[in-house]
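Work through these exercises with the sequence and the model open. Try each task before you read its solution.

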Amino acid sequence: MIHSVLDETIQEALLRAAARNNADWCEAMCRAHGLRGEFRSDAWTSPARTPPYYPDAVTLTEHADPDDLLARIDTGSGGSSVKDSFAVLDLTDRGFTPLFDAQWIARPADPPAVAPHWQRIRTAGQLAAWEIGWDGGTDGLFLPPLLEDPSVLVLAAPDLGAGAVLSLGAGVVGVSNLFTADEAVDPARAWHDCLAAASAHCPGLPVVGYESGEDLVAAERAGFTSLGPLRIWLATN
C-alpha cells in the first residue's frame with residue numbers, strides 16, 4: 001500500500017483547506033439550485049434546506065458554537081444536517097445523531113499529465129447521462145448551471161464507466177462523487193486516472209477530499225494521506 005508523506009504543518013493547512021474547499025463545493029451546488037449560503041469565520045451555512053446529500057452547515061473551525069450554528073440553518077423542516085469538519089461537536093442533546101464518520105484526505109500535486117480518458121461534461125444531456133452512471137439519475141441533483149460554474153468541473157471516463165467532480169477553492173482541488181459504474185473496474189484505477197485528470201485540468205494544486213471504509217483504502221492506495229476525522233450529524237426530529 002502506498003501512502004504519501006506530508007509534513008505535519010502541511011497536513012494541518014491541508015485539513016483546513018479541505019474543509020473550506022468542501023464548503024465552497026456545497027455553495028456551488030446550492031447556487032445551481034438557486035440557493036445562497038453564508039460564509040463566516042466559523043462555518044458555511046445555508047438558511048434554506050440544501051439539495052439532497054448536501055449538509056446545511058460545514059464547520060471551518062474547531063470552535064464553532066453549536067447553538068449559534070444551528071440558529072443559522074433550517075432545523076424546523078426535518079432532515080437537516082451538519083458537517084462537523086473536525087469531529088468535535090456534540091449535537092445529541094439538540095436533536096441530532098451521528099450519520100457517519102469519515103477522514104479528510106490529501107495528496108500533493110502531480111506533475112501536469114495528459115488524461116485522454118477523462119472528458120469534461122459540457123451539455124445538459126451529458127450531465128444527465130453522467131448522473132445516471134453516478135446513482136441511477138433519479139434525483140435530478142446535478143443541474144446544468146453547474147456546467148457554467150468556473151469553480152466546478154464534472155468529468156467522465158466513458159471507457160471506464162467512471163466519473164467525478166473536481167471543485168476549485170482554498171488553493172486546492174477537491175475530488176468528490178467519484179464513481180465506477182462497472183464493478184470490474186478497480187477503484188484504485190479510477191483514482192489513478194482521476195488524479196491524472198486533476199493534474200491536467202488543475203495543474204499544480206494539491207488534491208483533497210474525504211472518504212471512509214473501502215473507499216478510504218482505495219484512496220490511500222492511490223497515495224492519499226488521512227488528515228483527520230469529520231462527522232456528519234443528521235437531525236432526528
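**Exercise 1. Find what W191 touches, leaving aside its neighbours within four places in sequence.**

Solution. Contact means heavy atoms within 4.5 Å. By that test, W191 is in contact with I105, V175, L178, E211, D215, A218, A219, A222 and F224, once neighbours within four places in sequence are left aside.

A note on the model: it is predicted, so local features need pLDDT of at least 70 and side-chain atom pairs pLDDT 80 or more, while totals for chains, interfaces and linings use all residues. Residues are numbered from 1 along each chain as its sequence is written, and side-chain values use heavy atoms, without hydrogens or water.

**Exercise 2. Place W191 in the largest nonpolar core.**

Solution. Start with the term. A nonpolar core is a set of buried Ala, Val, Leu, Ile, Met, Phe, Trp, Tyr and Cys residues joined through side-chain atoms within 4.5 Å. Buried means under 20% relative accessible area, exposed over 50%, partly exposed in between (1.4 Å probe, protein chains only).
- The largest core has 24 residues. W191 is one of those that touch the most other members, along with W118, L166, V175, V207 and F224.
- Strand 7 (152-157), strand 8 (162-169), strand 9 (172-180), helix 4 (187-201) and helix 5 (213-221) each give two or more residues to this core. Helices (H or I, at least four residues) and strands (E, at least two) are DSSP runs, numbered from the N terminus.
- Helix 4 gives the largest share, 5 residues.
- Another core, of 23 residues, lies apart from this one; I121, L127, L146 and L147 are among its members.

**Exercise 3. Which elements do the buried residues of helix 4 pack against?**

Solution. First list the buried residues: A188, A190, W191, D193, C194, L195, A196, A197, A198 and S199. These pack against strand 5 (96-107), strand 7, strand 8, strand 9, strand 10 (207-211) and helix 5.

**Exercise 4. Why does R49 count as partly exposed, and what does its side chain reach?**

Solution. Locate R49 in the loop between strand 2 (43-45) and strand 3 (57-59). Its relative accessibility is 27%, so R49 counts as partly exposed. Next, look for polar contacts (N or O atoms within 3.5 Å; within protein, one able to donate a hydrogen and the other to accept it; residues adjacent in sequence count only if both atoms are side-chain atoms). The R49 side chain makes one with the side chain of D56, at 3.1 Å. The side chain of R49 also reaches the backbone oxygen of G78 at 2.4 Å. Finally, compare sequence with space: R49 and S80 are 31 residues apart in sequence, yet 7.0 Å apart C-alpha to C-alpha.
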